[in-house]
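Trainee: Could we go through this one together? I keep meeting terms and I'd like to know what stands behind each of them.
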Amino acid sequence: MHERADELRQAFDRSFALAPDTATDTGTVENLLAVRIGSRSYVLRLAEASGLFVDKKVTWLPSPVSALLGIAGLRGTVLPVYDLGMLLGCPKAAAPRWLLVTAVTPVGLAFDGFDGYLSVRREAIVPEVRAEARERHVREVVQAIDLVRPLISLASVLASIENRASHDGSERSDRR
Amino acid sequence: MIRHWTFGQKVGAGFAVTVALSVAIGVVAIYALRSVVGNKDRVIGVNAQLLIDAQKLDASVERKGGAGRGFLLTREERFVGEMKDARAQFTTVMGQLKQNGGSEEERRLLAAIERSEAEHQQAFDQVIVLRRAEAPIDAVIRAFEAQIAPRRARLEDDIQSFVSAEEQLLDGAKRASTATASLAMTLVAVIAVAVVLFATLAAFVLTRTLGRQIGTAVGQVQSSSAELQAAATQQATGSKEQATAMSEISTTISELLATSRQITESAQRVAQIAEQTATAARAGDETVETAHQSIAAIRRQVDLVVNHMLALGKKSQQIGSVLEIVSELAEQTNILAINATIEAAGAGESGKRFAVVAEEIRKLADRVAGSTKEIRGLIDDVRSAVNTTVMATETGSKAVDAGSKQFGHVAVSFKQIADLVVSTTEAAREIELSTKQQMTAVEQVNVAIRNVAQASRETEASSGQTQQTASQLAFLSKDLLRLVQPQVA
């Protein structure tokens with residue numbers, strides 16, 4: 001056990017002794033977050049996220065949007081929280097534990113599990129060409145040596161939320 | 001009941017009845033004789049005496065009349081005295097007659113006689129007075145004829161009437177006595193005839209009964225003699241066979257004697273082996289006891305192992321709890337590192353170094369998480385191993401318990417074996433002793449068998465004698481039957 005700790009300590013120290021990774025610096029590497037929604041695994045671009053949280057309290061809010069779980073207070077900001085699985089078209093499941101805040105428009109997206117942090121080369125991210133495998137908000141897929149996961153486009157997710165919000169807002173304006 | 005009487009009882013009963021009838025005859029004869037004697041005495045003592053007194057009365061009247069006539073002829077006074085004497089005699093006899101005459105007729109006749117005599121005396125006194133007055137003889141004779149003679153005739157008639165009456169009474173008494181005697185004779189004759197008839201009948205019945213019973217008994221004696229003869233023959237045959245069988249039995253008993261000796265030797269060997277077995281059983285008992293103690297020690301060690309394993313399980317659980325905390329910390333660290341990376345990316349060029357640190361922290365957190373998973377796996381393996389070990393140990397403990405119980409049973413069995421071996425030893429010794437006693441008894445039986453064989457030969461000889469005696473008895477019974485029932489014989 002002590003050897004293992006020493007090994008971890010040496011690796012940690014060695015990372016600071018070595019020169020920075022040029023691949024990361026040159027932008028040829030994509031940082032991803034591996035997540036689980038239901039029984040399926042996906043990846044998200046870390047660049048599209050502004051924060052990752054776990055076990056945050058979500059206050060339920062009555063809404064006609066079934067994917068809206070409620071609102072949550074994060075870093076002094078009140079954010080709407082959506083069920084990412086329902087936005088992808090999956091049926092409603094139990095309350096998701098993990099919460100990701102998008103970068104461009106701060107919106108909380110809840111999902112069931114967090115598998116880890118991935119760094120893959122950009123060449124490993126390829127467009128999804130299989131028509132039968134295409135899902136909502138999935139345009140690309142990560143194909144590494146030991147990994148094949150659909151890549152969820154958070155921009156597409158946010159766009160659909162915004163479209164839905166603007167559509168609902170116009171309907172409310174029309175009703176007025 | 002009479003059927004079951006003995007001969008003596010029957011003969012005695014017949015004689016007793018005959019004697020009783022004879023005694024009855026004697027009693028009746030004595031009674032009849034006494035009646036006859038009584039009648040005779042009464043006839044002689046009463047009736048004949050009354051008749052004699054009547055004759056005396058007549059004689060005194062005649063004497064008084066003679067004396068009176070003498071005075072009338074001679075005028076002598078001595079005839080008056082005789083006359084008084086005669087009259088005194090008359091009075092005396094009359095008194096006796098009154099005393100003895102019991103019937104009314106007699107008393108009436110006596111009263112008539114007494115009146116006639118008084119009138120006759122009165123007439124005589126008047127004529128005597130006339131004669132003393134020296135009256136002429138013719139006047140005296142006339143007075144005599146006129147006064148005395150009729151009264152004398154009446155007096156005699158009265159006396160004669162009394163005599164006749166007494167004669168009739170005497171005759172009646174004689175007839176009554178004769179009738180009583182005849183009745184007694186008839187009764188005696190009837191009883192005598194009855195005695196004769198009974199004696200004849202009894203003799204006939206006794207003769208017939210006794211003859212029949214004796215004949216039956218003799219027949220039975222004959223039959224029994226024949227059976228006795230047959231039995232004696234069978235007994236002789238049986239005795240011969242018995243003697244032969246006794247010889248065979250004697251031979252068999254000799255073999256039995258040899259077998260008993262072999263049994264005695266075998267019993268001695270069994271006793272020795274049983275003692276050796278008892279020694280081995282005691283040694284086995286001690287070994288089992290030692291093994292039992294070892295198993296108890298193993299049992300304690302197993303309990304200790306179980307306790308240690310349970311403690312290890314608890315420790316593993318505690319490690320798991322700590323590991324949960326570490327895992328959670330690693331997860332939080334990972335989240336923080338990711339968020340730091342995001343923040344560093346947003347910080348532009350200045351955040352690059354910070355991004356490196358955050359990346360390393362994240363990697364470290366990933367590794368810690370991986371190590372945590374690995375440790376959790378190891379802990380799960382340890383806990384699983386502990387559970388398996390505990391279960392195996394409990395199974396072993398149960399097996400040890402079962403083994404301990406089995407050893408207990410084995411120990412009990414060894415003790416039972418030891419006890420049974422002791423019992424076997426005692427039984428073998430008892431068998432040895434009994435076999436020796438049996439040998440002695442068999443020898444005695446052998447001697448007894450020889451004696452029985454000798455007795456059988458003697459019985460055979462005596463059976464021959466019994467056969468001869470039975471034959472003689474058959475002849476004797478035939479002779480006796482010939483004497484009792486000649487027509488049958």
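Trainee: Which residue stands opposite Glu140(A) in β11(A)?
Mentor: That's Leu151(A). Keep in mind that we're looking at a predicted model.

Trainee: What makes β10 and β11 of chain A a pair?
Mentor: Count the bridges: five of them join β10 (residues 138-143) to β11 (residues 148-152). Pairing takes at least two bridges, so these strands qualify. They run antiparallel.

Trainee: Where do those strands sit in their sheet?
Mentor: The order is β8-β1-β2-β11-β10-β9 in chain A, an open sheet of six strands with mixed pairing. From one strand to the next, the twist averages 35°.

Trainee: Why are β8 and β9 of chain A called edge strands?
Mentor: β8 (113-121) and β9 (125-127) each pair on one side only.

Trainee: And the other sheet?
Mentor: Five strands of chain A form that one, also open and mixed, in the order β3-β6-β7-β5-β4. β3 (49-54) and β4 (68-74) stand at its edges with a single partner strand each, so one side of each has no neighbour in the sheet. Here the twist averages 30° from strand to strand.

Trainee: How do you know that β3(A) pairs with β6(A)?
Mentor: Same kind of check: there are five bridges between β3(A) and β6 (residues 98-102), in the antiparallel sense, and since at least two are needed, that's a pair. Within it, Gly51(A) stands opposite Val101(A).

Trainee: What lies across β3 and β6 of chain A?
Mentor: α4(B) does, running at about 165° to β3(A). The scale stops at 180 degrees, so the two N-to-C directions are roughly opposed.

Trainee: So how much do the chains touch?
Mentor: 21 residues of chain B are in contact with 20 residues of chain A. The area buried between them is about 1900 Å², with carbon and sulfur atoms giving 63%. On the chain B side, Ile338(B), Ile342(B) and Glu360(B) lose the most area, together 24% of what that side buries.

Trainee: Why is the meeting of Glu331(B) and Arg97(A) called a salt bridge?
Mentor: Their side chains come to 3.3 Å, N to O. The limit is 4 Å between an Arg or Lys nitrogen and a carboxyl oxygen, so this pair passes. The count between the two chains is two salt bridges.

Trainee: Which element gives the most to chain B's side?
Mentor: α5(B), with 12 residues. That side divides into seven nonpolar, five polar and nine charged residues.

Definitions and conventions. Residues are numbered from 1 along each chain as its sequence is written. Chains are lettered from A and ligands numbered from 1 in the order in which they are written. This is a predicted model: local features need pLDDT of at least 70, side-chain atom pairs count only at pLDDT 80 or more; totals for chains, interfaces and linings use all residues. Side-chain values use heavy atoms; hydrogens and water are left out. Contact means heavy atoms within 4.5 Å. Buried area is the accessible area (1.4 Å probe) that two parts lose on being put together, summed over both. Helices (H or I, at least four residues) and strands (E, at least two) are DSSP runs, numbered from the N terminus. Ala, Val, Leu, Ile, Met, Phe, Trp, Tyr, Cys and Pro count as nonpolar, Asp, Glu, Lys and Arg as charged, and the others, Gly among them, as polar. Axes are lines fitted to C-alpha atoms, for helices over the stretch in contact, and angles run from 0 to 180 degrees between N-to-C directions.
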